[in-house]
Amino acid sequence: MRSSISYIALKTIWIKECTRFLRIWIQTLVPPAITMTLYFVIFGSIVGQRIGEMGGRPYMEFIVPGLIMMAVITNSYANVASSFFSAKFQRNIEEMLVAPVSPAVIIGGYVGGGLARALLVACIVTLVSFLFVSQVSVHNLLVLVVTVVLTSTLFSLGGLINAVYARSFDDISIVPTFVLTPLTYLGGVFFSISLLPDVWQTIAQVNPILYMVNAFRFGFLGISDVSITAALGVIIGFNLILFITAYTLLKRGVGIRS
Amino acid sequence: MKALSIRGLTKTYKGGHVALKGIDLDVQAGDFFALLGPNGAGKSTTIGIISSLVNKTSGTVSVFGYDLDTQLTDLKRQIGLVPQEFNFNQFETVQQIVVNQAGYYGVPREVAKQRSEKYLKQLSLWDKRNAPARNLSGGMKRRLMIARALLHEPKLLILDEPTAGVDIELRRSMWDYLEAINRQGITIILTTHYLEEAESLCRNIAIIDQGVIIENTSIKGLLATLNRETFILDLAPTMGAGAAAGLQLEEFQWRVIDDHTIEVDVEKSQGLNRVFEQLSAQAIKVVSMRNKANRLEELFVDLVEKGRQPAEVGA
């Protein structure tokens with residue numbers, strides 16, 4: 001009985017979240033398509049022709065998985081951060097707080113919404129890449145799917161935690177601007193870290209996004225700068241840490257209960 | 001059966017503000033109960049704790065026997081909350097808002113859609129079911145919040161200032177609706193600034209001020225304690241200027257408002273007949289009469305003022 005109530009509540013939050021980002025598709029689905037097209041044109045076609053190969057693959061093919069992953073990361077984070085903060089701001093988060101909805105169900109619903117948007121955006125970016133790459137091969141479908149789902153979950157959780165602490169709309173743009181964007185750019189989206197001096201290769205390995213981009217690239221192309229086992233371990237580890245953090249915050253009512 | 005039982009409830013906010021100082025309150029099942037108090041008295045904090053939007057500092061709360069600390073899920077299912085401020089997503093449609101709310105309580109989507117038709121029709125919102133909530137008028141938004149609170153069919157409906165800013169006609173229709181659902185067995189707890197609303201709708205009342213319950217009784221019992229009422233009498237305009245100032249009224253305290261209007265204080269023991277006897281003897285014609293203030297309002301002001309008088313300091 002309890003589980004069926006939780007399932008209905010979870011499905012309700014998920015449907016509400018999907019309806020939200022589909023209702024404002026011009027803000028949520030179109031921008032990643034345009035941005036990634038520009039990346040493909042500038043870095044892939046124009047700059048890429050001079051670079052030649054990277055990791056044994058044409059540069060355009062090399063950056064496709066990284067760009068998809070970049071879109072997944074930013075859209076997962078932005079979806080949950082803005083939706084949850086709006087719910088706090090408009091106080092409609094109270095609709096869930098007065099109802100018998102557990103923190104885990106709230107997290108599940110919001111993360112599910114972030115995941116749905118991220119996967120849809122990933123499909124759009126993949127379709128855009130077909131305009132620039134003759135064929136997109138899949139080396140290991142399981143690693144590909146597991147990596148994209150876990151990465152999207154991870155950044156959805158990150159967006160949720162950010163929104164819990166945020167007091168204004170400015171607060172939900174600080175982390176993407178000053179943390180996510182630099183880490184993504186330095187996480188091997190556009191280059192192999194084997195090109196870096198040894199010291200910087202070591203420093204780069206502290207960046208968790210490096211593991212996500214490389215695991216995803218392995219799923220597509222079968223090449224990676226890091227061990228896949230280590231990469232999946234890092235992603236799962238961060239997921240656990242962020243889930244426990246988000247659960248504790250919601251359970252205590254931080255930022256949402258007086 | 002008690003719909004609500006509160007014992008020793010306290011709330012101290014982070015900044016140190018003590019909103020509740022250990023209140024006890026019981027509301028019987030089926031009651032139509034008013035919780036009154038001036039701004040900042042602790043009404044919204046009490047409601048916030050019952051509906052688990054505010055964490056209590058100490059004390060116990062149970063709703064239909066379900067304890068807030070140990071049976072929160074069951075407790076929440078008994079309650080429908082209509083908050084003071086509009087707190088729905090302004091971009092969602094009317095039907096999405098109510099159906100989603102039911103979903104949070106575990107009502108399957110198809111059942112929720114059927115119920116939404118019933119409640120939105122009852123509250124004259126069915127025609128607006130596909131409209132975004134931001135396009136509704138203030139009165140419609142208030143009714144939407146009532147529909148939203150009822151969709152999971154709670155046993156206790158809590159309304160925090162439900163008719164604030166609503167025009168008289170709509171307020172009356174909301175009163176009729178609330179009376180009808182109360183007759184069907186839903187217990188209602190209401191906070192309001194319109195004391196006329198509490199007097200005409202509610203059977204029992206608690207008055208809270210500065211975090212303390214200063215009165216908890218039936219409306220009838222409370223009104224019975226009213227010893228004095230002030231009436232405004234309008235005199236016939238044919239009586240000429242200064243008619244009011246020239247009249248004599250013995251035994252009563254009275255004041256002239258203008259040439260044709262007076263204000264008379266009548267003790268319960270005196271009765272109104274003596275006023276009219278004296279006016280008739282002076283050939284003064286009264287064309288209309290009304291209470292100066294709502295009777296409950298007078299009591300409310302008296303009780304709150306009495307509660308705020310400084311306590312005598314012992315030697």
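A residue is called exposed if 12 or fewer other C-beta atoms lie within 10 Å of its own. In this predicted model, B:Gly271 has 10 other C-beta atoms within 10 Å, and so B:Gly271 counts as exposed. Its place in the chain is the loop between strand E13 (261-267) and helix H10 (273-281) of chain B. A separation of 54 Å lies between the C-alpha atoms of B:Gly271 and B:Ile97, two residues that are 174 residues apart along the chain.

Attention now turns to the start of chain B. Here strand E1 (residues 2-12) is joined by 8 bridges to strand E2 (residues 18-28), and the two run in the antiparallel sense. Where these strands meet, B:Thr12 is found opposite B:Val18 of E2(B). The hairpin that E1(B) and E2(B) form has 5 residues between the strands, and B:Gly16 in this hairpin adopts a positive phi near 100°. E1(B) also pairs with strand E4 (residues 58-63) of chain B, again in the antiparallel sense, over 5 bridges. One pairing to look for in the structure is that of B:Ser5, whose bridge partner in E4(B) is B:Ser62.

The meeting of the two chains completes the picture. On the side of chain B, 24 residues are in contact with 20 residues of chain A. Helix H2 (72-78) and helix H3 (94-104) are the elements of chain B that give two or more residues to this side. H3(B) supplies the largest share, 4 residues. Sorted by class, the side of chain B that touches chain A consists of 12 polar, 9 nonpolar and 3 charged residues.

Key. Residues are numbered from 1 along each chain as its sequence is written. Chains are lettered from A and ligands numbered from 1 in the order in which they are written. This is a predicted model: local features need pLDDT of at least 70, side-chain atom pairs count only at pLDDT 80 or more; totals for chains, interfaces and linings use all residues. Two strands pair if DSSP finds at least two bridges between them. Two residues are in contact if their C-beta atoms, placed from the backbone, lie within 7 Å. Ala, Val, Leu, Ile, Met, Phe, Trp, Tyr, Cys and Pro count as nonpolar, Asp, Glu, Lys and Arg as charged, and the others, Gly among them, as polar. A residue is buried if 20 or more other C-beta atoms lie within 10 Å of its own, exposed if 12 or fewer, and partly exposed in between; C-beta atoms are placed from the backbone.
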